[in-house]
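Could you walk me through this protein one selection at a time? I have the viewer open and would like to know what to click next and what I will find there.

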Amino acid sequence: MSVSAPLTVREVLEQRAHRRPTDPAIAVPGGGQTDNAALFACVQRISRQLHTFGISKNACVAVVAQNGAELALAILAISAGTTVAPLSPGFRRTEFLSFLSDLKPSAVLVQRGLNSPALAVARDLDIPVIVFSSDAGQGLELVFPQTPFSSPVGEADFPASEDSALMLQTAGTTGEPKFVPITQGNLVRFANTISRSLALTSSDRCLNVMPLFHAHGLIAALMASMVSGGSIFCTHGFQAENVLEWMKECGPTWYTAVPSIH
């Protein structure tokens, strides 16, 4: 393993697993958690599965899931091997049609049991659907279509720092929302800037109430926690009546949210 600073999502997670394998990475209300070694093992397995089904580092996979640890795992696992585009599960059919037409993803990853218009839109656009589920935040199980999308990709075909990691949607304040690519290197640098400004360490834990399909929750909470070596407690989103209980269970050293939540 290289001793240089990690500049890809995969390198960040590999370094965590190497240095502190049994430390927690992602925790959920109710007591379930995934440690660093299990997180990297999940990422490795999902990357291999994506590559086996012909999804290369230059492809894009859209993800539609409820907020929480499952979405966090999916984002980390996919961005370690290709580009991930997290989409809000609350989008309407017309929105999914517009966004998936623009993205042209190689596949749409949808949480098992989620009754989303994304499923029908993906079929209409002839985009393969991958269904995923998890076991109390411990890992991901992917169910692929029977036929691979294209020829398998080589095992060494992992993204470099200049390759894309994320396709994030703009707010659309000056026009229609657009998808903006963020490279692996820039994603890690952004997260490191936040981590350093907050002086985060491996002993810190974030209580996350922000949606992970927006930059705030994804970069400022999830990725800043990952690059610091600390952990993140993933809720299903802000629920005022549950915050105090989450605080007691999680024991966070920090959290981040928008003014309306405060």
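Here is a tour in five stops, from a sheet to its helices and then to some side chains. Keep in mind as you go that this is a predicted model.

**Stop 1: the five-stranded sheet**

Begin by selecting β2, β1, β11, β10 and β12, and colour each one differently. Together they make an open sheet of five strands, in the order β2-β1-β11-β10-β12, and the pairing is mixed. At the edges stand β2 and β12 (254-256), each with a single partner strand, so one side of each has no neighbour in the sheet. From one strand to the next, the twist averages 20°.

What holds such strands side by side? Strands of a sheet pair through backbone hydrogen bonds, in either a parallel or an antiparallel way.

Now zoom in on the pairs one by one:

- Select residues 24-27 and 33-35: these are β1 and β2, which pair in the antiparallel sense over three bridges. Look for P24, which stands opposite D35 in β2.
- Stay with this hairpin and click on the five residues between the strands, where G30 takes a positive phi near 105°.
- Add residues 231-234, which form β11; this strand runs parallel to β1, and two bridges join them. A27 has F233 in β11 as its bridge partner.
- Move on to β10 (residues 205-208), which pairs with β12 in the parallel sense over three bridges. Here N208 stands opposite T256 in β12.

**Stop 2: helices on the sheet**

Keep the sheet on screen and add residues 69-79. This is helix α3, which packs on the sheet and touches β1 and β11. The direction of α3 makes about 130° with that of β1.

Next, show residues 243-250. You are now looking at helix α8, which lies across β10 and β11 and runs at about 160° to β10.

While α8 is selected, display the side chains of E245 and K248. They form a salt bridge, with the closest N and O atoms 3.7 Å apart. Because E245 and K248 are three residues apart in helix α8, about one helical turn separates them. The spacing fits a simple rule: an α-helix has 3.6 residues a turn, so residues three or four places apart point the same way. K248 counts as exposed, at 65% relative accessibility.

**Stop 3: a helix with two faces**

Select residues 93-103, helix α4, and turn the view until you look down its axis. Which residues of α4 are buried? They are F96, F99, L100 and L103. Seen along the axis, these buried residues fall within an arc of 95°, so they line one face of the helix.

Rotate to the face turned away from that buried side, and you will meet the exposed residues T94 and D102. To see what covers the buried residues of α4, switch on its surroundings: the cover includes β3 (60-64), β4 (83-87), β5 (107-111), α5 (117-124), β8 (164-169) and β9 (179-183). Before leaving, click on K104 just after α4, which takes a positive phi of about 50°.

**Stop 4: more salt bridges**

The model has five salt bridges in its count, and you have already visited the one between E245 and K248. Two others are worth a click.

Pick D163 and K57, whose side chains meet in a salt bridge at 3.7 Å, N to O. This pair links distant parts of the chain, 106 residues apart: D163 is in the loop between β7 (140-143) and β8, and K57 is in the loop between α2 (36-52) and β3. D163 counts as buried at 13% relative accessibility, while K57 is partly exposed at 22%.

Then pick D124 and R93, which meet in a salt bridge at 2.4 Å, N to O. Here D124 in helix α5 is linked to R93 in helix α4, 31 residues away. D124 counts as exposed at 51% relative accessibility, and R93 as partly exposed at 41%.

**Stop 5: the cysteines**

How many disulfides are there? The count is zero. Select C234, for which the nearest cysteine sulfur, that of C206, is 8.1 Å away. C234 counts as buried, at 2% relative accessibility. Finish at C250, which is likewise in no disulfide; its nearest cysteine sulfur, again that of C206, is 7.7 Å away. At 7% relative accessibility, C250 counts as buried.

Terms used. Residues are numbered from 1 along each chain as its sequence is written. This is a predicted model: local features need pLDDT of at least 70, side-chain atom pairs count only at pLDDT 80 or more; totals for chains, interfaces and linings use all residues. Side-chain values use heavy atoms; hydrogens and water are left out. Buried means under 20% relative accessible area, exposed over 50%, partly exposed in between (1.4 Å probe, protein chains only). Helices (H or I, at least four residues) and strands (E, at least two) are DSSP runs, numbered from the N terminus. The arc is that of the directions from the helix axis to the C-beta atoms. Contact means heavy atoms within 4.5 Å. Two strands pair if DSSP finds at least two bridges between them. Axes are lines fitted to C-alpha atoms, for helices over the stretch in contact, and angles run from 0 to 180 degrees between N-to-C directions. A disulfide is a pair of cysteine sulfur atoms within 2.5 Å. A salt bridge is a side-chain nitrogen of Lys or Arg within 4 Å of a carboxyl oxygen of Asp or Glu.
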